[in-house]
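Reader: Please pick a single part of this model and take me through it closely, then work outwards to the rest. Keep it chatty, but give me your cut-offs as you go.

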Amino acid sequence: MTSPNSILQVRDVAVHFGGIVALDGVSFDVPRGGILGLIGPNGAGKTTLFNCLSRLYVPTSGDILLNGMSILATPPHRMAQIGIGRTFQNLALFHRLSVRDNVLVGAQTRGRSDFLSNALRLPWMRREEKILEEKAWELLEYLDLTAVAHLAAGSLPFGTQKRVELARALASEPKLLLLDEPAGGLNHEEVQELGQLFKKIRNDRQLTVLLVEHHMSLVMAISDHVVVLNFGRKIFEGRPSEVQQHPEVIEAYLGTGH
């Protein structure tokens with residue numbers, strides 16, 4: 001039974017790599033329109049779960065549902081078409097392409113073009129290209145990237161590259177945005193600005209955010225709900241204030257005796 005208030009349902013997901021149990025029956029819902037933080041110590045299973053959500057890994061058992069429909073039969077290259085976008089812990093930009101072209105790559109994942117249409121330059125294809133170009137420029141302006149639009153993405157500062165990857169993810173018009181360690185490598189001021197940007201994006205674009213992040217200050221500041229993993233198991237979920245005070249969460253991060 002799925003809740004209409006949840007966009008994503010993770011149901012008893014387990015992942016085994018040989019004899020290693022990376023995830024052990026993890027279940028939780030992602031509330032529609034919210035920001036959910038997924039946290040846990042190193043090795044807790046966060047990245048494994050994230051890779052299941054984006055179909056890079058196949059769960060050993062369990063199911064993952066988007067709007068009540070299983071995504072496990074959806075190939076990774078079609079995730080954008082069903083409404084899931086993501087960023088990566090290690091930037092996955094096309095470094096030699098311009099910022100504009102990187103964002104266009106994201107927009108084209110929702111386009112209808114194919115090899116034959118591209119070769120024939122059909123009228124509807126030209127109209128679609130114009131729409132995608134307008135969408136890309138709107139996002140470049142939204143994320144303050146117009147000044148660097150024609151520069152190679154790989155030539156830009158790390159923080160700016162993070163915004164380029166975010167723009168590319170948003171260009172696919174996701175309903176659910178997966179953010180994998182987006183604050184990694186940023187300084188304290190940049191992390192604060194990023195948190196405000198995520199809340200603005202959620203509100204402006206009416207999407208849902210699932211955030212995996214080591215920066216606890218960021219997670220606690222912007223999340224409506226937090227799920228905590230440890231050794232592949234969910235040990236707690238609740239509001240940020242509840243998570244910060246829960247004994248098992250404190251022990252997982254600080255060890256016994258704290």
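Author: First, the labels: helices (H or I, at least four residues) and strands (E, at least two) are DSSP runs, numbered from the N terminus. This is a predicted model, so local features need pLDDT of at least 70 and side-chain atom pairs count only at pLDDT 80 or more, while totals for chains, interfaces and linings use all residues. Residues are numbered from 1 along each chain as its sequence is written, and side-chain values use heavy atoms, with hydrogens and water left out.

Let's zoom in on helix H1, residues 46-53. I'll call a residue buried under 20% relative accessible area, exposed over 50%, and partly exposed in between (1.4 Å probe, protein chains only). Seven of the eight residues of H1 are buried, so the helix is largely enclosed by the rest of the structure. Those buried residues are Lys-46, Thr-48, Leu-49, Phe-50, Asn-51, Cys-52 and Leu-53.

Step just past H1 and you hit Arg-55, which takes a positive phi of about 70°. A little further on is Tyr-57, in the loop between H1 and strand E4 (61-66). Tyr-57 is partly exposed, at 31% relative accessible area, and it joins Phe-17, Ile-20 and Leu-56 in a nonpolar surface patch of about 380 Å². For the small print, patches are made of residues with over 30% relative accessible area and no salt bridge, with like charges joined within 9 Å and nonpolar side chains (Val, Leu, Ile, Met, Phe, Trp, Tyr) within 5 Å. The areas come from the Shrake-Rupley method with a 1.4 Å probe, and for residues only the protein chains shown count as cover.

Now for the interior. In soluble globular proteins, nonpolar side chains tend to be buried together. A nonpolar core here is a set of buried Ala, Val, Leu, Ile, Met, Phe, Trp, Tyr and Cys residues joined through side-chain atoms within 4.5 Å. The largest one has 46 residues, and the members touching the most others are Leu-143, Leu-145, Leu-166, Leu-170, Ile-201 and Val-243. Helix H5 (residues 158-171) gives the most to this core, six residues in total. Leaving out residues up to four places away in sequence, Val-243 touches Ile-39, Met-220, Val-226, Val-228, Phe-236, Gly-238 and Val-249; contact means heavy atoms within 4.5 Å. There's also a second, separate core of 28 residues, and this is where H1 comes back in: Phe-50 is one of its members, along with Ala-44, Ile-64 and Ile-71.

While we're at H5, look at Gln-161, which sits in that helix. Gln-161 is buried at 8% relative accessible area. Its contacts, again skipping residues up to four places away, are Leu-91, Leu-93, His-95, Ala-153, Gly-154 and Leu-156.

On to the charges. Side chains of opposite charge can pair when their charged atoms come close. A salt bridge here is a side-chain nitrogen of Lys or Arg within 4 Å of a carboxyl oxygen of Asp or Glu, and a search of the whole structure finds twelve. One of them pairs Arg-11 with Asp-29 at 2.8 Å, N to O. That pair links distant parts of the chain, with Arg-11 in strand E1 (residues 6-17) and Asp-29 in strand E2 (residues 20-31), 18 residues apart. Both ends are partly exposed, Arg-11 at 26% and Asp-29 at 24%. Right beside Arg-11 in strand E1 is Asp-12, whose phi is near 50°, a positive value in a residue other than glycine.

Lys-130 and Glu-134 meet in another salt bridge, at 2.6 Å, N to O. They're four residues apart in helix H4 (residues 123-142), so about one helical turn separates them. Lys-130 is exposed at 54%, whereas Glu-134 is partly exposed at 44%. Elsewhere, Arg-100, Asp-101 and Glu-133 are linked in a network of salt bridges.

Pulling right back, the chain has nine helices and ten strands, and 48% of its 258 residues count as buried. Its C-alpha atoms fill a box of roughly 65 × 40 × 35 Å along the principal axes. Among contacts between residues at least 6 apart in sequence, 66% join residues at least 24 apart.
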